[in-house]
Amino acid sequence: MQNHKDEKKGLLQLLRENRAAGCIPMHMPGHKRNCSAAYLQELGADLDITEIHGFDSLHGASGILQDAMQRAANRWGSRQSYFLVGGSTCGILAGIYAVVQKGDRILMSRNCHKSVYNAVELTGVSPVYLTPEWDPIWGIEGAVAPETVKKAIAENPDVSLVVITSPTYDGIISDIAEIANAVHEAGAVLMVDEAHGAHLDLSSCFVGGAVKGGADLVVQSLHKTMPSLTQTAIAHVCSERIDTCRFTDALSIFETSSPSYLLMSSIDECINYMQDPVFKRWNCAIAENKYIFSSLAKLRIFGCGDTLAEQKWKRDPSKILVNTRFCNLTGPQLATLLREQYNIEVEMAAAQYVLAMTGPGDTSETIGALAQALCEIDQICEKCEPDLHMPPPVPERVCGVYAAKRGRRCNVARSSAAGKISGEYVYAYPPGIPLVVPGERLDDALLQYMEDLAAHGVTLHSDTGAAPQVFSVLSMG
Ligand SMILES: Cc1ncc(COP(=O)(O)O)c(C=O)c1O
C-alpha cells in the first residue's frame with residue numbers, strides 16, 4: 001500500500017512501487033500492464049494505471065495528486081494549481097466557462113488561439129477584440145498594449161473577462177502587470193493564455209510571466225516549452241476572483257474522466273526536474289542564443305530576432321525568429337531548406353519568417369548548427385522587396401459564431417466570396433489563430449491576404465479544406 005502522504009515521494013515513484021508490488025489488475029486499462037506486446041513496452045504501459053485505490057482522483061484530488069498539485073502551486077506561487085492532461089485547450093475552455101455568464105461581454109486579443117474562440121461559442125459571450133501591435137519590418141504581431149486594454153474597457157465598462165495571449169507563439173510578451181491593474185480596476189477578471197510561457201516565471205533569465213504579473217487565471221502548456229510529455233499542461237488560479245469550485249466543475253466538463261497517470265507523473269517529474277540545474281542549463285542555452293545573435297548580426301539578408309529587441313516589447317529569448325522578408329525565400333522555403341539540407345526541423349514556418357525554438361535540451365552544437373546553416377543560406381539567397389503586406393483589418397462581424405455555424409451554408413469559389421458571411425474558421429496551424437471567424441464578412445482585402453499566404457507556402461485550414469480557393473459561407477449571406 002502506497003504512502004501517499006509522503007511529500008517527497010513523487011507520483012512516478014508510486015507508480016514504480018505499484019508495478020513492483022505485482023498486484024493483479026482486475027481493472028482498466030485493458031492492457032493490464034502486461035507488456036508482452038512490444039509496442040506496450042515501448043510506450044511504458046507497465047506504469048499505466050487508472051484511478052485505483054491509493055492513487056487519488058484528479059477530479060476531486062485529496063491525496064497524492066493534491067500533494068503534487070500543491071508542489072506545483074508552491075513552485076509558481078499560485079493560489080491553487082491544476083494538472084491538465086488535455087493540453088492548454090481544456091484549461092482555456094474550463095477557465096472561460098467558469099468565469100462568464102451567457103451574454104457577457106468579454107475582451108479578447110484577436111490573436112487568441114482557436115480554443116478561446118471555441119469557448120466563446122460554447123459560452124455564448126459577446127467578444128470585443130483587442131488588436132495587438134504590429135511590427136512592420138518583421139510582419140509579426142506584437143504585444144497587446146495596456147492602453148489598448150484601457151481604451152476598450154472605457155468603451156465597454158461592463159466586461160467580465162479579459163483574455164490575452166502572452167507570450168505569443170513568436171515569444172512576444174505583453175505587460176501583464178499593467179493590464180492586470182486596468183482589468184481589476186474595472187472589476188473584471190484577467191485570464192492569460194500562457195501556453196508558450198510555462199518557463200517564464202521560473203527563472204531570472206526570463207522577464208517573468210503572468211502568475212507573478214498578477215493575472216487571475218493562467219494556463220500553460222508544459223509540453224510546449226518544458227521537458228514534459230505532449231498534452232501535459234497546468235492551470236494556475238492566482239486570485240480570489242476565481243471561484244475554484246466553478247473552475248473544478250468546468251474542468252470536469254472539458255477534461256477526460258480517465259486522466260493518464262503517465263501524463264500526470266510527467267507533469268510532477270517535470271516540475272521537480274525544473275529545479276536549479278536545469279535552469280542553469282537553460283541560462284547557458286540563452287547565453288548561447290545571445291552569442292548566435294551576435295554572430296548572425298553580419299548576415300547579409302536575413303534578420304534574426306535582435307531587430308525586434310529594438311521594439312518596446314519584451315521577448316522570450318529562447319525563441320529565435322528568422323526574417324525572410326527581404327529575400328527571395330519564403331518562410332516555408334527556408335524551413336524546407338533547413339530540413340532537407342541541414343536536417344534541422346523548425347517549430348513554425350510563417351509566410352515571411354521562421355521560428356526556431358531553443359531550450360535546456362539544446363547544446364552549443366545544436367544551436368551552432370542552426371547558426372551555421374543560416375549563415376550559409378544567407379550567402380546564397382538574394383535580396384528583394386517584401387511582397388506581403390499587413391494583415392487586413394478585422395472583418396465586419398455580422399453574427400455570432402454559434403449562429404453562423406448552425407446557419408445554412410454553401411460552398412462558393414473565391415471569385416464570388418467577397419461580401420459573403422463566413423460559415424467557417426480559416427486559419428494557419430500553427431499558430432491556430434483564425435484569419436476569419438464564422439459570422440464575419442469576407443472582404444477583398446482578406447481574401448487577397450489569404451491568397452498571398454497560400455502563395456507563400458502557408459497551408460490554410462478550413463472546413464472545406466480548399467481555402468483560399470473555396471469558402472463555406474452562409475447561404476443568405
Ligand atoms: C497560444 C496558444 N494557446 C493555446 C494552445 C493550445 O495548447 P495545447 O496544444 O496545449 O492544447 C496553443 C497551441 O498551439 C497556442 O498556440
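Visitor: Why is Gln231 called partly exposed?
Guide: The term depends on a count: a residue is buried if 20 or more other C-beta atoms lie within 10 Å of its own, exposed if 12 or fewer, and partly exposed in between, with C-beta atoms placed from the backbone. Gln231 has 19 other C-beta atoms within 10 Å and is therefore partly exposed. The structure is a predicted model, in which local features need pLDDT of at least 70 and side-chain atom pairs count only at pLDDT 80 or more, while totals for chains, interfaces and linings use all residues. Residues are numbered from 1 along each chain as its sequence is written.

Visitor: What makes the backbone of Gln231 noteworthy?
Guide: Most residues other than glycine have a negative phi, and most peptide bonds are trans. Gln231 is not a glycine, yet its phi is positive, at about 95 degrees. Gln231 belongs to the loop between α9 (222-225) and β10. Such labels denote DSSP runs numbered from the N terminus: helices are H or I with at least four residues, strands are E with at least two.

Visitor: Which class of exposure does Lys32 receive, and why?
Guide: Lys32 has 15 C-beta neighbours inside 10 Å, so it counts as partly exposed. Lys32, also not a glycine, has a positive phi of about 55 degrees, and its place is in the loop between α1 (11-21) and α2 (38-42).

Visitor: Is Asn111 buried or exposed, and how do you know?
Guide: Asn111 is buried, because 25 other C-beta atoms lie within 10 Å. Asn111 is found in the loop between β2 and α5 (114-123).

Visitor: Which residues is Asn111 in contact with, beyond its neighbours within four places in sequence?
Guide: Contact requires that the C-beta atoms of two residues, placed from the backbone, lie within 7 Å. With those sequence neighbours left aside, the contacts of Asn111 are Pro132, Glu141, Thr165, Thr168 and Ile433. As for Pro132, its C-alpha atom is separated from that of Asn111 by 7.3 Å, at 21 residues apart along the chain.

Visitor: What makes β1 and β3 edge strands?
Guide: Two strands pair if DSSP finds at least two bridges between them. The open sheet of seven strands has the order β1-β10-β9-β8-β6-β2-β3, with mixed pairing. In this sheet β1 (80-84) and β3 (126-130) each pair on one side only. The twist averages 20 degrees from one strand to the next; axes are lines fitted to C-alpha atoms, for helices over the stretch in contact, and angles run from 0 to 180 degrees between N-to-C directions.

Visitor: How do you know that β2 and β3 pair?
Guide: Strand β2 (residues 105-109) is joined to β3 by five bridges in the parallel sense. Arg105 stands opposite Ser126 in β3.

Visitor: Why is one side of β17 and of β18 left without a neighbour in the sheet?
Guide: These strands belong to an open sheet of three, ordered β17-β16-β18 with antiparallel pairing. β17 (433-436) and β18 (460-462) stand at the edges with a single partner strand each, so one side of each has no neighbour in the sheet. Three bridges join β16 (residues 426-428) to β17, and Val426 stands opposite Val436 in β17.

Visitor: What makes the bond between Pro430 and Pro431 cis?
Guide: Its omega is about 15 degrees. Pro431 is placed in the loop between β16 and β17. The peptide bond from Ala467 to Pro468 is also cis, with omega near 10 degrees.

Visitor: How do you know where the ligand lies relative to the domains?
Guide: Domain bounds come from an automatic or database domain assignment. Domain 1 (66-258) and domain 3 (401-474) both give residues to the shell around the ligand, so the ligand lies between them. A residue is near a molecule or strand if its C-beta atom, placed from the backbone, lies within 6 Å of it. There are 15 residues around the ligand, and the closest are Gly87, Thr89, His113, Ala195 and Ser221. The most are given by α4, with three residues.

Visitor: How many residues of each class does that shell hold?
Guide: It has five nonpolar, nine polar and one charged residues. Ala, Val, Leu, Ile, Met, Phe, Trp, Tyr, Cys and Pro count as nonpolar, Asp, Glu, Lys and Arg as charged, and the others, Gly among them, as polar.
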